[in-house]
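Hello,

Here is the structure I said I would pass on. My notes follow below it, grouped by region.

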Amino acid sequence: MQQGTLMRKVKSKSWKKQRYFKLQEDCMTIWYQSKRTGKTESAFSISDVETVREGHQSEVLQSVAEEFPPERCFTIVFYGRRGNLDLVAGSAEEAQCWVQGLRQLIEPRSFPLTFALVSRTWIRDWFQKADKNKDGRMNFKEVQRLLKMMNVDMNEDHALRLFQDADKSESGTLEGDEFVLFYKALTQREEVLSLFREYSEDGKKLTLLELADFLREEQLEDEGTEELAMELIDKYEPSETARARHVLSADGFLMYLCSLEGSIFNPQHRGLWQDMSQPLCHYFISSSHNTYLIEDQLRGHSSIEGYIRALKRGCRCLEVDCWDGPNGEPMVYHGHTFTSKIPFREVVSTLGKTSWGNSSSPLPSMGMSPPSSHPQRYGQSTAVQGFSVLLETMQDPRAQGPWRHWVAQGASLSPTPQELKHKILLKGKKIGRLEDTLDGPGDEAPDVSDDDNGAEAEEERRRAKVRGTQHSPALQKDKETLAQALSDCVIYCKNVPFRGFQEARSHSRPSEISSLSEAKARKLIRDEGNEFVRHNAWQLTRIYPSGMRTDSSNYSPQEMWNVGCQIVALNFQTAGMEMDLCDGLFSQNGCCGYVLKPPFMRDKETLFNPSDPSSREGPGPITLTIQVISGQQLPKVANSKEGAIIDPLVRVEIYGVPADQAHQETKYIENNGFNPRWDETLQFQLHVPELALIRFVVEDYDKTSRNDFVGQFTLAFANIKPGYRHIHLLSKDGTSIPPSSLFVHIRITE
């Protein structure tokens with residue numbers, strides 16, 4: 001990578017230009033230049049890179065798949081809305097060199113390295129921005145300009161004093177290590193030093209026992225505190241001498257507090273920590289609506305990038321709308337609108353390549369693809385072929401023992417995520433029952449071609465009788481419009497209309513699923529909350545956005561989760577509070593897309609109703625106390641005026657059952673986005689903490705108009721780690737914005 005590599009930059013099937021790419025000596029910046037002109041076209045920082053994908057894992061690279069083999073292709077994905085960089089190396093070896101090298105730089109082995117890397121990058125970036133004449137030095141006027149850029153409104157005398165203290169050469173300028181000294185003085189954390197001195201006898205170091213006391217008394221670590229203290233010293237103390245003496249310096253203490261272990265998010269919950277052997281209906285499942293769209297619902301662009309982004313985000317329920325295309329090939333798009341179209345085969349190919357290939361932990365994965373019956377029968381055969389290849393690749397569950405065992409047991413419960421690892425399920429219409437599909441040679445399967453015979457026809461008559469009618473045309477209509485082979489692809493999630501909880505309890509099966517609009521779901525929540533919770537304890541329910549949301553806006557998923565709805569489909573392309581809640585809930589459990597529901601929501605006879613918190617079995621309400629202490633290096637508001645400095649405030653929002661919905665906020669700090677201090681305490685009472693999500697929002701106060709968004713972080717209450725904790729903020733798109741953070745103190749009492 002150090003020598004500069006000639007690669008093709010690909011923008012489309014017809015636009016493929018050769019460029020030289022080189023990693024600069026700082027190991028943090030990559031530039032590329034034209035082969036023809038030799039001029040540098042662009043550069044980007046390693047800190048801007050979210051991930052690296054190998055092979056044809058982008059729409060652009062898939063379009064040139066026949067020209068370039070996958071082992072030579074890779075995609076650099078950036079944070080936020082910046083477009084991907086699709087590249088083709090000269091050889092597979094060169095591609096691997098770049099892929100592995102980039103991954104090592106963006107995914108260091110330990111968080112301290114990340115912290116140090118971010119700090120170094122942050123210092124270098126600010127120096128380069130403020131050094132207007134590019135002479136490698138910074139005079140006091142440039143330093144004053146820098147402070148404005150960094151969101152700091154500092155007294156001129158104080159700024160001059162810091163400048164002179166750092167100017168060891170007395171040259172009137174800062175360069176190299178002098179600027180680092182100035183930066184360290186600027187970023188000194190008095191609130192952290194005060195906490196450090198509280199537990200340090202000499203104010204210079206924490207001994208092993210002093211650190212253990214801090215971990216036990218403040219961080220509420222109740223087991224093995226001395227062993228944990230030793231681990232933290234070995235991991236975060238920068239001085240070899242101090243590590244050898246088993247002590248932690250103030251720098252090491254700060255590095256610990258800024259690390260994953262010092263985060264508000266319980267590190268033990270980042271991995272797969274929940275029981276994955278429960279029935280599917282006992283989990284909340286990360287789900288997307290019209291996954292192929294990356295813009296609005298009427299004229300938006302359809303792209304396989306929508307599937308790739310959703311899967312990377314932990315989504316496990318995808319939507320594929322198939323419609324007739326040219327030459328009998330199904331196309332995927334939003335029917336009866338002006339959205340663009342993508343071939344169905346490209347979607348299937350993408351799902352086959354990306355469903356699990358980039359996962360770092362075992363995923364009990366389930367991809368659902370509703371609906372699949374829009375094409376005419378000749379187009380359905382093509383869809384069947386695509387699904388068949390995909391299902392064979394992903395171990396079609398029809399051939400697996402657990403499914404036959406499950407049916408043999410009477411299908412009283414659904415299969416589990418553990419049994420479904422690396423399998424794909426299709427949700428859609430189905431002719432007949434699951435048992436019919438699994439009946440082998442010699443079995444007497446019902447004849448679904450005759451409405452007067454078979455169990456399905458009898459079931460339809462029973463349902464019609466409940467509805468007060470003489471017969472139902474639903475089965476006959478399905479047989480007329482749905483190809484049998486496509487029906488056979490639907491194994492577990494047979495789509496059925498919802499006609500009330502009583503009928504569902506009497507006649508439905510766990511192998512069936514109903515889809516409800518957000519408006520219908522709200523009415524059921526309001527009128528039959530407890531029945532809704534009971535229904536979702538044994539059968540899957542999917543909720544989808546209103547058709548009026550043509551701008552791809554989202555509804556709040558929380559009210560649907562409050563009654564146990566498993567598949568709450570959201571428009572993943574639209575940033576906002578709703579997607580923050582989704583990301584916050586599913587950021588736990590290895591980001592596998594499944595979160596186990598609380599015990600009182602898994603009982604078919606539960607008395608729980610979200611409108612009545614007292615109906616929840618278990619301990620009484622708990623009190624959540626949050627002391628918002630300080631903020632660090634908060635970003636400027638997008639498109640703000642040059643020299644503008646934010647007036648930050650912190651709002652804490654609680655989402656859960658209606659009785660727990662609340663928000664409180666701090667006062668705003670005028671003209672300081674660099675190191676604001678609030679030292680304010682907020683307190684909340686939670687009646688059903690198992691369903692609560694906590695959202696921390698930083699805004700730029702504006703007395704004449706709506707406050708501007710600065711950053712946020714959302715997590716489930718169950719994942720909160722009490723004590724002194726840092727909250728690492730995310731952007732509106734849900735991406736990291738290092739090194740911006742909040743410093744808080746959390747207490748939970750009954």
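**Notes on the model**

Please keep in mind that this is a predicted model. Residues are numbered from 1 along the chain as its sequence is written.

Overall picture. The protein chain contains 23 helices and 27 strands. It has 750 residues, of which 54% count as buried. Taking the contacts in the chain with a separation of 6 or more, 67% are between residues 24 or more positions apart.

Strands E10, E17, E18 and E19. I would start with strand E10, which covers residues 283-288. Six of its six residues are buried, so the strand is mostly covered, with buried meaning under 20% relative accessible area. This holds for both faces: Tyr283, Ile285 and Ser287 lie on one side, Phe284, Ser286 and Ser288 lie on the other, and all of them are buried.

Which strands does E10 join through bridges? One is strand E19 (residues 594-596), which runs antiparallel to E10 and is joined to it by three bridges. Here Phe284 has Val595 as its bridge partner. Another is strand E18 (residues 567-570), which runs parallel to E10, with four bridges between the two. Two of the residue pairs can be named: Ser286 has Val568 as its bridge partner in E18, and Ile285 has Ile567.

E18 itself is also covered. Ile567 and Ala569 point one way from the strand, Val568 and Leu570 point the other way, and all of these residues are buried. E18 also pairs with strand E17 (residues 540-544), in the parallel sense and over two bridges. In that pairing Arg542 has Ile567 as its bridge partner. Ile567 is therefore a bridge partner of Ile285 in E10 and of Arg542 in E17, where pairing needs at least two bridges between strands.

The small open sheet. Three strands form an open sheet in the order E11-E12-E13, with antiparallel pairing. Strand E11 (322-323) and strand E13 (342-343) are at the edges, and each has a single partner strand, so one side of each has no neighbour in the sheet. E11 pairs with strand E12 (residues 331-332) in the antiparallel sense over two bridges. Within this pair, the bridge partner of Trp323 is Met331 in E12.

Helices H8 and H9. Two packed helices are described by the angle between their axes and the distance between the axes. For helix H8 (residues 208-217) and helix H9 (residues 225-236), the angle is about 110 degrees and the axes are 8 Å apart. H8 is therefore roughly perpendicular to H9. Their crossing is right-handed. On the H8 side the contact is made by Leu208, Leu209, Leu211, Ala212, Leu215 and Arg216. On the H9 side they meet Thr225, Glu226, Leu228, Ala229, Met230, Leu232 and Ile233. Sorted by class, this contact has 10 nonpolar, one polar and two charged residues.

Helices H12 and H13. The axes of helix H12 (residues 304-312) and helix H13 (residues 344-354) come within 10 Å and cross at roughly 20 degrees. The two helices are therefore roughly parallel to each other. This crossing is right-handed. From H12, the residues in the contact are Ile304, Tyr307, Ile308 and Leu311. They meet Glu346, Val347, Thr350, Leu351 and Thr354 in H13. By class, the contact has six nonpolar, two polar and one charged residues.

Gly428. What is the relative accessibility of Gly428, and why does this residue count as buried? The value is 3%, and buried means under 20%, so Gly428 counts as buried. Gly428 is part of strand E14 (residues 427-428). Setting aside its neighbours within four places in sequence, Gly428 is in contact with Val490, Cys493, Lys494 and Asn495. One of these, Lys494, is 66 residues away from Gly428 in sequence, yet the two are 5.6 Å apart in space, C-alpha to C-alpha.

If you want places to begin on the display, try the pairing of E10 with E18, the H8 and H9 crossing, and the contacts of Gly428.

Regards

Notes: This is a predicted model: local features need pLDDT of at least 70, side-chain atom pairs count only at pLDDT 80 or more; totals for chains, interfaces and linings use all residues. Side-chain values use heavy atoms; hydrogens and water are left out. Buried means under 20% relative accessible area, exposed over 50%, partly exposed in between (1.4 Å probe, protein chains only). Contact means heavy atoms within 4.5 Å. Axes are lines fitted to C-alpha atoms, for helices over the stretch in contact, and angles run from 0 to 180 degrees between N-to-C directions. Angles under 35 degrees count as roughly parallel, over 145 as roughly antiparallel, 65 to 115 as roughly perpendicular and the rest as oblique. A crossing is left-handed if the near helix is turned anticlockwise from the far one by less than a right angle, and right-handed if clockwise. Ala, Val, Leu, Ile, Met, Phe, Trp, Tyr, Cys and Pro count as nonpolar, Asp, Glu, Lys and Arg as charged, and the others, Gly among them, as polar.
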